[in-house]
Amino acid sequence: MKIKKIVPFILIISVLLISMTLSAQTKKSVLKLCEKAVVEIENRNFDKAIVLLQKALKKDSLYPEIYIRLGDAYNFTLQSENAAACYNRAIQLFEDPNPILYMFAADEELKSGKYQEALLNYQMFLQKSTKQDLILEQE
């Protein structure tokens with residue numbers, strides 16, 4: 001009788017452990033793709049970097065670092081609307097995003113003529129930045 005009660009519990013634990021292992025493996029492959037993409041960005045192979053980052057997104061669309069790197073690649077290829085969308089998605093995914101992301105998004109929105117959105121992101125940047133952040137920006 002007690003075994004019947006324990007079996008479902010063991011099955012649930014097993015499923016959780018398997019899913020955690022798969023999640024860790026996915027995270028490793030996503031990190032490798034991101035690392036390769038950074039190298040491609042440094043080598044100015046932006047199209048290759050974009051392909052790698054899009055593969056990473058298919059594996060984990062909730063990892064904000066992918067969107068930041070993808071935003072950078074789009075920025076370098078003068079795809080401002082795509083860059084702004086990526087930076088904004090990263091902002092949404094972070095619990096407490098670095099204020100500089102608001103400025104990156106605003107800069108790209110400004111380039112693509114989305115002035116109202118740019119204004120809102122510039123305001124968020126100023127609101128969330130500390131005086132130290134603003135001093136460092138000027139240096």
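In this predicted model, serine 61 sits in the loop that runs between helix 2 and helix 3, the latter covering 64-76. With a relative accessibility of 36%, serine 61 counts as partly exposed. Beyond its neighbours within four places in sequence, serine 61 is in contact with Tyr67, Arg89 and Leu93. Valine 30 is 31 residues away from serine 61 along the chain, and the C-alpha atoms of the two are separated by 10.0 Å.

The loop around serine 61 belongs to a protein with seven helices and zero strands, so that the order of elements from the N terminus reads simply α-α-α-α-α-α-α. Of the 139 residues in the protein, 32% are buried. Among contacts with a separation of 6 or more, 43% involve residues 24 or more positions apart. The protein exposes about 9,600 Å², and carbon and sulfur atoms supply 60% of that area.

Helix 2, which precedes the loop of serine 61, is a good place to look at how burial is arranged. This helix spans residues 46-59, and its 14 residues reach 20 Å from the first C-alpha to the last, close to the 20 Å expected at 1.5 Å a residue. Its buried residues are Phe46, Ala49, Ile50, Leu52, Leu53, Ala56 and Leu57. Viewed down the axis of helix 2, these buried residues fall within an arc of 165°, so they line one face of the helix. The spacing is a familiar one: an α-helix has 3.6 residues a turn, so residues three or four places apart point the same way. Asp47, Lys48 and Lys58 are exposed on the other side of helix 2.

Ahead of helix 2, the loop that connects it to helix 1 (2-42) contains arginine 44. The phi of arginine 44 is near 65°, a positive value in a residue other than glycine. Arginine 44 counts as exposed, at 58% relative accessibility. A second residue of this kind is leucine 78, whose phi is also positive, near 60°, although leucine 78 is not a glycine. Leucine 78 lies in the loop between helix 3 and helix 4 and is exposed, with a relative accessible area of 72%.

Turning to the aromatic side chains, a search of the whole structure finds two aromatic pairs. In one of them, the rings of phenylalanine 46 and phenylalanine 76 have centres 5.0 Å apart and planes at 15°, so the pair is stacked. Because phenylalanine 46 lies in helix 2 and phenylalanine 76 in helix 3, this pair ties together parts that are 30 residues apart in sequence. The two partners differ in burial: phenylalanine 46 is buried at 10% relative accessibility, whereas phenylalanine 76 is partly exposed at 43%. The other pair, formed by tyrosine 87 and phenylalanine 104, is tilted, with 5.5 Å from centre to centre and 45° between the planes. This pair links distant parts of the chain, with tyrosine 87 in helix 4 (residues 80-93) and phenylalanine 104 in helix 5, 17 residues apart. Here tyrosine 87 is buried, with a relative accessible area of 2%, and phenylalanine 104 is partly exposed, at 30%.

Helix 5, the home of phenylalanine 104, comprises residues 99-111. At 1.5 Å a residue its 13 residues should span 18 Å, and the end C-alpha atoms are 19 Å apart, which agrees. At the start of helix 5, a side-chain oxygen of asparagine 98 comes to within 3.0 Å of the backbone nitrogen of isoleucine 100. Just after the helix, glycine 113 takes a positive phi of about 80°. The buried residues of helix 5 are Pro99, Ile100, Leu101, Tyr102, Met103, Ala105, Ala106, Glu108 and Glu109.

One of these, glutamate 109, also has a polar partner in another helix. Its side chain is joined to that of asparagine 121 by a polar contact of 2.9 Å, and asparagine 121 has its place in helix 6 (residues 115-128). Asparagine 121 itself counts as buried, because its relative accessibility is 8%, below the 20% cut-off for burial. Apart from neighbours within four places in sequence, asparagine 121 is in contact with Asn88, Ile91, Tyr102, Ala105, Ala106 and Glu109. Of these, Tyr102, Ala105, Ala106 and Glu109 are among the buried residues of helix 5.

Note on methods: Residues numbered from 1 in each chain as written. Predicted model: local features only at pLDDT ≥ 70, side-chain atom pairs only at ≥ 80, totals over all residues. Heavy atoms only, no water. Helix = DSSP H or I, 4+ residues; strand = E, 2+ residues; numbered from the N terminus. Expected span 1.5 Å × (residues − 1). Buried < 20%, exposed > 50% of the residue type's maximum accessible area, 1.4 Å probe, protein only. Arc of directions from axis to C-beta. Contact = heavy atoms within 4.5 Å. Areas by Shrake-Rupley, 256 points an atom, 1.4 Å probe, with all protein chains shown as cover. Polar contact = N/O pair within 3.5 Å; in protein donor to acceptor, adjacent residues only side chain to side chain. Phe/Tyr/Trp six-rings, centres within 6.5 Å; stacked < 30°, edge-to-face > 60°.
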